[in-house]
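Biologist: I would like to learn how to read a model like this one. Can we take it feature by feature?

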Amino acid sequence: MARYMDTDLAEARTVTAGATPNLIRWGAVFGGVVMGLSLLLLLTALWIAMAYAGGIEAMQDNLAWWTAGSAVVAMFVGGMLAGW
């Protein structure tokens, strides 16, 4: 019986010793996604308000470019927060 327990203990040690730590922290990834999407929503709402309620003609004509630039900035900020 003692030999059987020693064998199981040795096998358990080799299995756990070979396991590598998880390199991805999923909480940080989801936090970066949430922060990136919320920043994109905030900036898009700002550009739409400036374009239509503010009556700025240049904003109305280039709203797609402002939104695309906001998406790039929001993706960068979300990635930086997830990596940090």
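Modeller: We go from the overall fold to the core, the rings and the surface. Keep in mind that this is a predicted model.

Biologist: Start with the fold. How many helices and strands are in the chain?

Modeller: The chain has 4 helices and 0 strands. Read from the N terminus, the order of elements is α-α-α-α.

Biologist: What share of the 84 residues counts as buried?

Modeller: The share is 13%. The accessible surface of the chain is about 6800 Å². Carbon and sulfur atoms own 73% of that surface.

Biologist: Now the interior. Which residues form the largest nonpolar core?

Modeller: The general idea is this: in soluble globular proteins, nonpolar side chains tend to be buried together. Here the largest nonpolar core has 5 residues: Leu-43, Trp-47, Ala-51, Met-59 and Leu-63. Helix α2 gives the most to this core, with 3 residues.

Biologist: Take one member. What is Met-59 in contact with, leaving aside neighbours within four places in sequence?

Modeller: Met-59 is in contact with Trp-47, Met-50, Ala-51 and Trp-66. Two of those names, Trp-47 and Trp-66, come back with the rings.

Biologist: Then on to the rings. How many aromatic pairs does the count come to?

Modeller: A pair of aromatic rings is described by the distance of the centres and the angle of the planes. The count here comes to 2 aromatic pairs. One is Trp-26 with Phe-30, centres 6.2 Å apart, planes at 35°, a tilted pair. Both residues lie in helix α2, 4 residues apart, about one turn of the helix.

Biologist: Are Trp-26 and Phe-30 buried or exposed?

Modeller: Trp-26 is partly exposed, because its relative accessible area is 46%. Phe-30 has 52%, so Phe-30 counts as exposed. The cut-off for exposed is over 50%.

Biologist: And why is the pair of Trp-47 and Trp-66 tilted?

Modeller: The ring centres of Trp-47 and Trp-66 are 4.7 Å apart and the planes stand at 50°, so the pair is tilted. Tilted covers the angles left between stacked, under 30 degrees, and edge-to-face, over 60. This pair links distant parts of the chain: Trp-47 sits in helix α2, Trp-66 in helix α4 (residues 63-83), 19 residues apart. Trp-47 is buried, at 14% relative accessible area. Trp-66 is partly exposed, at 38%.

Biologist: Stay with helix α4. What is Ser-70 in contact with, beyond its neighbours within four places in sequence?

Modeller: Ser-70 is in contact with Leu-40, Leu-43 and Trp-47. Ser-70 lies in helix α4. Its relative accessible area is 4%, so Ser-70 is buried.

Biologist: How far apart are Ala-68 and Thr-44 in sequence and in space?

Modeller: They are 24 residues apart in sequence and 9.3 Å apart in space, C-alpha to C-alpha. Ala-68 is also in helix α4. With a relative accessible area of 39%, Ala-68 is partly exposed.

Biologist: Last, the outside. Which residues form a nonpolar patch on the surface?

Modeller: Leu-23, Ile-24, Trp-26 and Phe-30 form it, with about 500 Å² of accessible area together. Trp-26 and Phe-30 are the tilted pair from before.

Biologist: Where is Ile-24 found?

Modeller: Ile-24 is in the loop between α1 (2-17) and α2 (26-53). Its relative accessibility is 43%, so Ile-24 counts as partly exposed.

Terms used. Residues numbered from 1 in each chain as written. Predicted model: local features only at pLDDT ≥ 70, side-chain atom pairs only at ≥ 80, totals over all residues. Heavy atoms only, no water. Patch = residues over 30% accessible without salt bridge, like charges linked within 9 Å, V, L, I, M, F, W, Y side chains within 5 Å. Areas by Shrake-Rupley, 256 points an atom, 1.4 Å probe, with all protein chains shown as cover. Salt bridge = Lys/Arg side-chain N within 4 Å of Asp/Glu carboxyl O. Helix = DSSP H or I, 4+ residues; strand = E, 2+ residues; numbered from the N terminus. Buried < 20%, exposed > 50% of the residue type's maximum accessible area, 1.4 Å probe, protein only. Core = buried A, V, L, I, M, F, W, Y, C linked by side-chain atoms within 4.5 Å. Contact = heavy atoms within 4.5 Å. Phe/Tyr/Trp six-rings, centres within 6.5 Å; stacked < 30°, edge-to-face > 60°.
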